[in-house]
Amino acid sequence: MNRTIRKKHLLAGLATAGVLGVGIAAPTMAFAADGGGSTPSASATENGDRQQQRADRQAEFADALAKELGVSTDKVTAALEKVREQQKADRPERPSTEDQQARLKERLDQAVKDGKLTQEQADAITKAVEAGVFPGPGMRGGHGGHGGPAGTPGK
């Protein structure tokens, strides 16, 4: 009988851990799919090296394009910069950290209301996002993004 009780406790503990794991992972995955993903932040030196490498590649590209088109490199560089600025202006503005935090809170509240999460699980997710354990509001992501805990400015 003692073994049966231990097995039941072990199974209950494993089931609880599984539910908590899924309860935390599912909203996090959903949030990441919405564009809240993040990559680890790079040091200032690595970031500077990347920017220099990118500038070098862009200069090589502009030079090759200029030769192919039979125009000056300055003209191609100016045209590329103009197109880059137009694309930048057309991009939607990134939501503020406060807006992202409010959206996450709404989604977690709805998950609690729908019975998909307990309030304790929602609180744990919020705490994990604030601690920088999971990507979330305030975390900058994407390729070459700058990351950091919620509320800290990007580099």
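Start with the whole chain shown as a surface: its accessible area is about 11400 Å², and 57% of that belongs to carbon and sulfur atoms. (Accessible areas here come from the Shrake-Rupley method with a 1.4 Å probe, and for residues only the protein chains shown count as cover.)

Before you click on, a word about what you're looking at. This is a predicted model, where local features need pLDDT of at least 70 and side-chain atom pairs count only at pLDDT 80 or more, while totals for chains, interfaces and linings use all residues. Residues are numbered from 1 along each chain as its sequence is written, and side-chain values use heavy atoms, with hydrogens and water left out.

**Cartoon view**

Now switch to cartoon. You'll find five helices and zero strands, so from the N terminus on, the elements read α-α-α-α-α (helices are DSSP runs of H or I, at least four residues; strands are runs of E, at least two; numbering goes from the N terminus).

Try colouring by burial next. Of the 155 residues, 19% count as buried, a label that means under 20% relative accessible area, with exposed being over 50% and partly exposed in between (1.4 Å probe, protein chains only). As for how the chain meets itself, take contacts between residues at least 6 apart in sequence: 57% of them join residues at least 24 apart. A contact means heavy atoms within 4.5 Å.

**The largest pocket**

Select R54, E81, R84, E85, K88 and R91, and you have the lining of the largest pocket. About 380 Å³ of space lies in there. The pocket search runs on a 1 Å grid over the protein atoms alone: a pocket is an open set of points where a 1.4 Å probe fits, with protein on both sides within 12 Å along at least five of seven lines, and lining residues have an atom within 4 Å of a point. Grid points are joined across faces, edges and corners, and the volume is the space filled by probe spheres set on the points.

Which helix gives the largest share of this lining? Highlight helix α3 (residues 73-90), which supplies four residues. Colour the lining by type and you get no nonpolar, no polar and six charged residues; Asp, Glu, Lys and Arg are the ones that count as charged.

**Three salt bridges**

Side chains of opposite charge can pair when their charged atoms come close. Here the count comes to three salt bridges, each a side-chain nitrogen of Lys or Arg within 4 Å of a carboxyl oxygen of Asp or Glu.

- Stay on helix α3 and show E81 and R84, whose side chains meet at 2.9 Å, N to O. They sit three residues apart, about one turn of the helix. E81 is partly exposed at 34% relative accessibility, and R84 is partly exposed at 29%.
- Go back to helix α2 (residues 44-69), where K67 and D63 lie four residues apart, about one turn. Their N to O distance is 3.6 Å. Is K67 buried or exposed? At 65% relative accessibility, K67 counts as exposed, while D63 is partly exposed at 30%.
- Move on to helix α4 (residues 97-113) and pick D109 and K105, four residues apart. Their side chains meet at 3.0 Å, N to O. D109 counts as partly exposed, at 33%.

**Last stop**

While you're on helix α4, click R107. R107 is partly exposed, with a relative accessible area of 32%. Then add A122, 15 residues away along the chain: the two C-alpha atoms are separated by 9.5 Å.
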